[in-house]
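Visitor: Please take me through one part of this model closely. I would like the contact between two of the chains, and then the salt bridges beyond it.

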Amino acid sequence: MSETSQPSPALEVHDLTVAYHKKPVLWGVDFEIPAGKLVGIIGPNGAGKSTLIKAAMGLLPLSSGWVEAFGRPLKEVRDRVGYVPQREEIDWDFPVNVMDVVLMGRYGKLGWLKRPGKADREIARACLEKVRMLPFADRQIANLSGGQQQRVFLARALAQESDLYFMDEPFAGVDAATEDAIIALLRELCSQGKTLFVVHHDLASVPDYFDWLVLLNLRLVASGPTSEVFTPEMLAKTYGGQLTVMTEVAEVLRRNEALAREESH
Amino acid sequence: MSEIIPPFHWHLFLTEPWSAWYLDTTLRVIAMAFCVSASCGLVGVYLILRRLALVGDAISHSVLPGIVLAALVAHTLTGPAIIIGAIVAGFVTTVLIESIDHHSRVKTDAAIGIVFSALFALGVVMVTMFAGDLHIDADCVLFGNLAEVATQPGMPPALIQAGSVLLATILLIGFFFKDLLVSAFDPTLARSLGIRARWIHYGLMAWLSVTVVSAFEAVGSIIVVAMLIIPGATALLLTDRLWKALVLTVIHAAASTVIGYHVGLWLDSNLPAAMVVAGLGLFVIAWLFSPSQGLLPRAIGRQRLRDRLEREKVEARETTEKAESR
Amino acid sequence: MAGLLLLGMLMAFPTLAQAARIGEVSEGNVLDRAIRFFSFRDPTVRIAVAGCVLLGLCCGLLGTFIVVRQFALVGDMLAHAVLPGIALGYLWTLSKQPLHLFLGAVGAGIIGAIVVSLIRQTTRLKRDTALGIVLGGFYGFGILLITLIQKLPGDKSGLKSFLFGSAAALSETDLGLIAVVSLVSLLILGLLFPQFRIASFDPTFATSVGIPSQAMHYLLMLLLAWAVVSALQAVGVVLVSALLVIPAATAYLLTDRLHRMAGLSMLFGMIAGAAGAFLSALQTGLPTGPFVVLSASALFVGAFLFAPNHGVVPRWSRQRHQSRKIRRENTLKAIFHLLENEGSDVAEGKVSHQALVDQRRRSPLLVDGEIAALVRHGLAESPDEQGRVTLTEAGRARAMEIVRNHRLWELFLTNAANIAPDHVHDDAEKIEHILGEDIVRELERSLDQPTEDPHGRVIPLAMEESGGSGI
């Protein structure tokens, strides 16, 4: 991909190494994703999928490498990046209702000290309508089924009106009907030119869902169109392979970097 | 028991305090207690949501050495010097807890326990050693001097201070409502939106110190903990919305202040303690009767469900028996 | 109103101003007091010291279990929650009967612990909030009762000293209670140590193998409430939890085994108790509790800074050691590269000072220092008259090892991990210094004993394989 003939990629990750973070680490991850793709991040447990998302969003300190979205550093394009968290990270007892959660998606667009206004509420309602959760707008989030909770967070991501989305296992704990609804929505977003980055663990549905894959196992195994990358050899490489050494070295490195950090504090 | 619980006179304890003769005293004490209780309660809601309730406990104790030091330097017990001393002490507490947490295997709760008791012990030693130079004594530390506002002529400075703290608390929550909400609910989203979650955290801790120190003088360091946690906890049992919880917190503060005031008069006891007991009573009522989460409504709901299942089982048996008998 | 104010004053003021202190047993300067303290002539001193030491022992033991279970603030909750129990125990007989006060307090403590569990189980409030509610609410109730009691006739001086504590006010009965609780705690925890260890580490597993972990939890709470009540008299409500938490946390920094932790924790508790009693005896009117806590905190700070494995200073010095080692190794590597590029024999070849300065891109002065460090560690011969450096055998071995590690790792990243050859150098720069023997063997195996790195350079053999003669 030459820089002159094509528009800048939606996401470019260059030689990204994350070792400061707790397990798992990532080594030298390097790829580009063209805009308008539905991208699946695939790999075994503990392969660093969530770490990759968090690092790409600039939420973890990097040992080396950099991340750019739309040809610019991520910090400058924050309002073009949306996020759907993993379900376990949420305190479901928190005193907020569905509408409050979706409105949080608008906060990035609001200025300092500003409150969400009528227009924001309209957008939030529209997003809820899209995931067919509008009738539940007044419900507290603990009083929803798993699939409904997931749809609420999807609506929040929609309300962010971003061009690049990171979603951490949006299909976890979701019934089949909701999964179909979610994937339809993701496809629609893609057709509008948005890029979606989805952590996924169900290999069976991969070829149906995604048009681009990032195969990950502590290092990048492959990144490319599903038709090219979703092959038995690549999968064998992702799910098997010489990992013990990498994990051991990562362990040694982390102990060392922990020491290094002590000093810099 | 009759020796310690005085007879209750409706007139003496409920009506008399609001008569023209006592009205000024009543209003002053209630206003002071309400301002303290409400501002603590409002900050407390965020502590509860961020699971920092016990950091509130810690800071309410560990501001003591800061206050004593500031008092020794500035030779006064009111005004900005004390507030600054408290903020510094609160900040030191937060940083010490975090660094023990970070640089050793000791977990957060133990770190909290270590830091606050060490700083409080330091404060007590300083109070004892420099008692001559200070107009601070142990009763102020433990019990506060709430009743003092009643005896001061004119507008007591303590009341002005507590009122300003309450006003500022409300304004700050209004201004930073969305930042506080997101950084408590989903810190990852907060950071991806560019909200400085750490600044919010330290800001909250600094404001906690301010609230605590202005409450400290009125109700003492331990009662402060109750005033931080109980109103917010009660409110969170009653509602699913943050703003409603904040409003209910203020209502709880007002109700426990007024009830506690009358109970305190009746029993002739320490007023802040009576207010805390009233607040605890309100918490227990909410715990039992909250429509959505209360013990009783849920027990009734379970019983109804059990009855219905039982009925259905009986009906089913009857139908099968009928079918078989045919 | 004035009555209320007076009551408030009456209640708390004596704790600092008039209650008996250890320091009041004698007059004179600090040295006289110290000598008198160590002579143990005064019964007050004897009882106070014995009480503080025993408390340190028993709280240290119990604290071990609450610190490892991350329950540290339960002690704080209990200390405040027992207050209404003490007041009710007083009302029971209208006198300061230690047994009744004690039963009331333990009862209130247990009720407090049960209420905390109930709040957690039946509402969505989290544990810290539940602890805060019970701590503050029960304490308020206790203060309310105590202010009521103040109006009654009779001896109630002891009730006041529960707030700040005064070891000198300990009676022989109090000491007896403390001794009994220490003995019982030692016995129970000693006999049931294996069970408590499992129940603390993994309660679910404990239940599955037939250990009643729920019952053991409440047994621990009972012992804690008992210990807390005994300690109140000496150190006061606010600081009791410190006795539980600080010695145990100190021990936690020093050992990795639970039984050693319990032993150390008891030791630190006893030291802090004795030191606190001593310090508060040095001047008239000093309270004991805060000094016990400050002594314990001093021990904690010591362990926090200097604990061999977990201390800040040893870690910092390990880090310094490590970074010096990395610098030495980088110098070695630079010398190796210079010789390799020249094509000269690593064993014989000499490297000029100027070449090394260019290679390391450092000031000549720094490079002087680096060479001196190599010489000091026996990795290089002292420079000759022209300032040229030769490596010793050890230096050659280490240099080759480093370069080998570097190139092996580069090769591994490119071959096994599909990382582009131009991206592997930075990683290898870090990794080369820390690869252990085992990992290197594993790399060699997985790479099938390679000879060339991805950039086409030779991977030097390790010394012993090449017969110890260099390349």
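Guide: What follows starts at the contact between chain B and chain A and then turns to salt bridges elsewhere.

This is a predicted model, in which local features need pLDDT of at least 70, side-chain atom pairs count only at pLDDT 80 or more, and totals for chains, interfaces and linings use all residues. Residues are numbered from 1 along each chain as its sequence is written, chains are lettered from A and ligands numbered from 1 in the order in which they are written, and side-chain values use heavy atoms, with hydrogens and water left out.

Take the contact first. Chain B gives 25 residues to it and chain A gives 32 residues, where contact means heavy atoms within 4.5 Å. The size of an interface is often given as the accessible area lost when the parts come together. Here the two chains bury about 2,700 Å² between them. Carbon and sulfur atoms carry 63% of that. Buried area is the accessible area (1.4 Å probe) that two parts lose on being put together, summed over both.

Now the polar side of this contact. Three salt bridges run between chain B and chain A. A salt bridge is a side-chain nitrogen of Lys or Arg within 4 Å of a carboxyl oxygen of Asp or Glu. Arg241(B) and Asp100(A) form a salt bridge through their side chains, at 2.7 Å from N to O. Six residue pairs are in polar contact between the two chains, both residues at pLDDT 80 or more. A polar contact is a pair of N or O atoms within 3.5 Å; within protein, one must be able to donate a hydrogen and the other to accept it, and residues adjacent in sequence count only if both atoms are side-chain atoms.

Which elements of chain B give two or more residues to the side that touches chain A? They are helix H4 (80-103), helix H8 (157-175), helix H9 (177-185) and helix H10 (187-192). H9(B) provides the largest share, seven residues. Helices (H or I, at least four residues) are DSSP runs, numbered from the N terminus. By type, this side of chain B divides into twelve nonpolar, six polar and seven charged residues. Ala, Val, Leu, Ile, Met, Phe, Trp, Tyr, Cys and Pro count as nonpolar, Asp, Glu, Lys and Arg as charged, and the others, Gly among them, as polar.

Next, the wider picture. The whole structure holds 29 salt bridges over all chains. In chain C, Glu432(C) and Lys333(C) pair at 2.6 Å, N to O. Glu432(C) sits in the loop between helix H19 (425-431) and helix H20 (437-447), and Lys333(C) in helix H15 (residues 312-342), so the pair ties together parts that are 99 residues apart in sequence. Glu432(C) is buried at 0% relative accessible area. Lys333(C) is buried at 6%. Buried means under 20% relative accessible area, exposed over 50%, partly exposed in between (1.4 Å probe, protein chains only).

Helix H18 (residues 393-415) of chain C holds both Glu393(C) and Arg396(C), three residues apart, about one turn of the helix. Their closest N and O atoms are 3.8 Å apart in a salt bridge. Arg396(C) is buried at 10%. Glu401(C) and Arg398(C) also lie in helix H18 of chain C, three residues apart. Their salt bridge spans 3.2 Å, N to O. Glu401(C) is partly exposed at 32%, whereas Arg398(C) is buried at 18%. Elsewhere, salt bridges that share partners join Asp91(A), Asp93(A), Arg51(B) and Lys126(C) into one network.
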